[in-house]
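Biologist: I'm new to this, so please give me a close look at one part, the lining of the largest pocket. After that, just follow the trail outwards to whatever it leads to.

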Amino acid sequence: MDAIDVILTKRDGGQLSGEQIDWVVDAYTRGIVADEQMSALAMAILLNGMTRDEIATWTAAMIRSGERMDWSVLDRPTADKHSTGGVGDKITLPLAPVVAACGAAVPQLSGRGLGHTGGTLDKLESIPGWRASLSTQEMVDVLRSTGAVICAAGAGLAPADRKLYALRDVTGTVESIPLIASSIMSKKIAEGTGALVLDVKVGSGAFMKTLTDARELAETMVALGTDHGLKTIALLTAMDRPLGRAVGNAIEVTESVEVLAGGGPSDIVELTVTLAREMLAAAGLSAAKDPADALRDGSAMDVWRRMISAQGGDPDAPLPVANESYEVKAPATGVLTRLDALGVGVAAWRLGAGRARKEDPVSFGAGVVCHAKPGDKVTAGEPLLTLYADDAARFDRALQSLDGAVEIASPAPDHQSDAETPDLFPLIIDRIV
């Protein structure tokens, strides 16, 4: 095989053979195919796409590049969730304990944030002592003792994807649907879970901005899971406004604990319960305890506390607090009709909650708290957002990202009890099987 021939095939709109895909993925993982050659191939894939057969073969090749995990030693079925990422998307934090409290084991391998999208591991690392890196045996031990574990993927899991993802990030090829789908599904299939529910975000704060692209990605990933014998379901969910009210790290942990205590924002509760029910049904536990009950009776909170402790964290420890804060006041009285997820996410990133490069540190206390959600009535001069940062010099650039992110309409007449926000997606848009 020759890398140039593989590149030319896809550049000219051809279909890569199974032999070509197997060779190029393996050769790139071993360093035989150079970064610049794989960059060219990734760009050709972005521009010309892949057939379902090509994507399935590409995914299988990336799975074969590393180890596959096995949870057969556990005494309960396994289920996992993957989100394509967004702003204020803290759902994994309450979701894993809820599902575990209802009878499934949740081996949740998560990642770090990059740019305006937050990372689950960054949020959890704001808890003093909590460890993201666990050995396979440690993961099994935590699952046996608590029912849920949230940790980083080991280096041996789909190393081809790890190497290719870093390359895509610096070559403008992140948005390729075949490469996104194969990246996500190679790791999730190699992870060895028995059932998978995908939360595919759509809107300004998501990688998929349109319903058409989000649906294509969801259908592609569900097909990949099905082809590999993994029960896979996808939900299309809204990311045109932030999820919940907190966007950051420690402040999102605080909000997640509020949900586990039976409170918290209604959208976080709704999405957590909906995804939990899907995970339990996919794992064959649809007749098990209802997730809403696990939030009400404290059993999910019990799992959370045991899980955090089992990974070295102190669930009672005070969380980091930013040194500086700045209030953004409502510019007018009326109904908040728009709070753009991308604007808020970029603001949190610029405040220090996110990173521009994978090796950058994050500020655990930085972020944005939204005092109103689209549909809420607001009063001129009252707090609309509070920005948090360790360095007050960050506020100016954060405020720039919020320019145009907020829209307020005149108050609705008295006979209209609900604000009209016609441009918003419903929280749960569609279900793909």
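Modeller: Start with the walls: strand E1 (80-83), strand E2 (106-110), helix H6 (120-124), helix H8 (159-169) and helix H9 (177-191) each give at least two residues to the lining of the largest pocket. Those helices (H or I, at least four residues) and strands (E, at least two) are DSSP runs, numbered from the N terminus. Before we go on, this is a predicted model, so local features need pLDDT of at least 70 and side-chain atom pairs count only at pLDDT 80 or more, while totals for chains, interfaces and linings use all residues. Residues are numbered from 1 along each chain as its sequence is written, and side-chain values use heavy atoms, with hydrogens and water left out.

Now for what "pocket" means. On a 1 Å grid over the protein atoms alone, a pocket is an open set of points with protein on both sides within 12 Å along at least five of seven lines, a cavity is a set where a 1.4 Å probe fits but cannot get out, and lining residues have an atom within 4 Å of a point. Grid points are joined across faces, edges and corners, and a volume is the space filled by probe spheres set on the points. By that recipe, the largest pocket comes out at about 1,400 Å³. Of its 49 lining residues, Ser-110, Gly-111, Arg-112, Tyr-165 and Lys-187 lie nearest the centre. The lining is a mix: 17 nonpolar, 18 polar and 14 charged residues. Here Ala, Val, Leu, Ile, Met, Phe, Trp, Tyr, Cys and Pro count as nonpolar, Asp, Glu, Lys and Arg as charged, and the others, Gly among them, as polar.

Next, follow H6 away from the pocket. A search of the whole structure finds two cavities of 30 Å³ or more. H6, strand E6 (246-248) and H15 are the elements that give two or more residues to the lining of the largest cavity. That cavity has a volume of about 130 Å³. It has 21 lining residues, and His-116, Thr-117, Gly-118, Gly-248 and Ala-353 lie nearest its centre. H15 gives the most, with four residues. By class, this lining splits into six nonpolar, eleven polar and four charged.

H15 has a neighbour to look at too. Asp-340 sits in the loop between strand E8 (334-339) and helix H15 (341-353). Asp-340 counts as buried because its relative accessible area is 11%; buried means under 20%, exposed over 50%, and partly exposed in between (1.4 Å probe, protein chains only). Leaving out residues up to four places away in sequence, Asp-340 touches Ser-204, Asp-240 and Ala-405, where contact means heavy atoms within 4.5 Å.

Back to the pocket wall, this time along H8. The second largest cavity has a volume of about 40 Å³. Helix H2 (18-29), H4 and H8 each give two or more residues to its lining. H2 supplies the most, with three. Among the lining residues are Tyr-28, Trp-58 and Leu-164. The classes here are seven nonpolar, one polar and no charged.

H4 and H9 lead us on to helix H10 (residues 211-227). The cover over the buried residues of H10 includes helix H4 (52-64), H9, strand E4 (195-202), strand E5 (231-238) and strand E13 (428-432). Those buried residues include Leu-217, Met-221 and Leu-224. H10 has 17 residues and reaches 24 Å from its first C-alpha to its last, close to the 24 Å expected at 1.5 Å a residue; the expected span is 1.5 Å times one less than the number of residues. After H10 comes Gly-229, with a positive phi near 75 degrees.

One more helix for the road. Helix H5 (residues 92-101) has nine of its ten residues buried, so it is largely enclosed by the rest of the structure. Thr-92, Leu-95 and Val-99 are among the buried ones. Following H5 is Gly-103, whose phi is positive, near 115 degrees.
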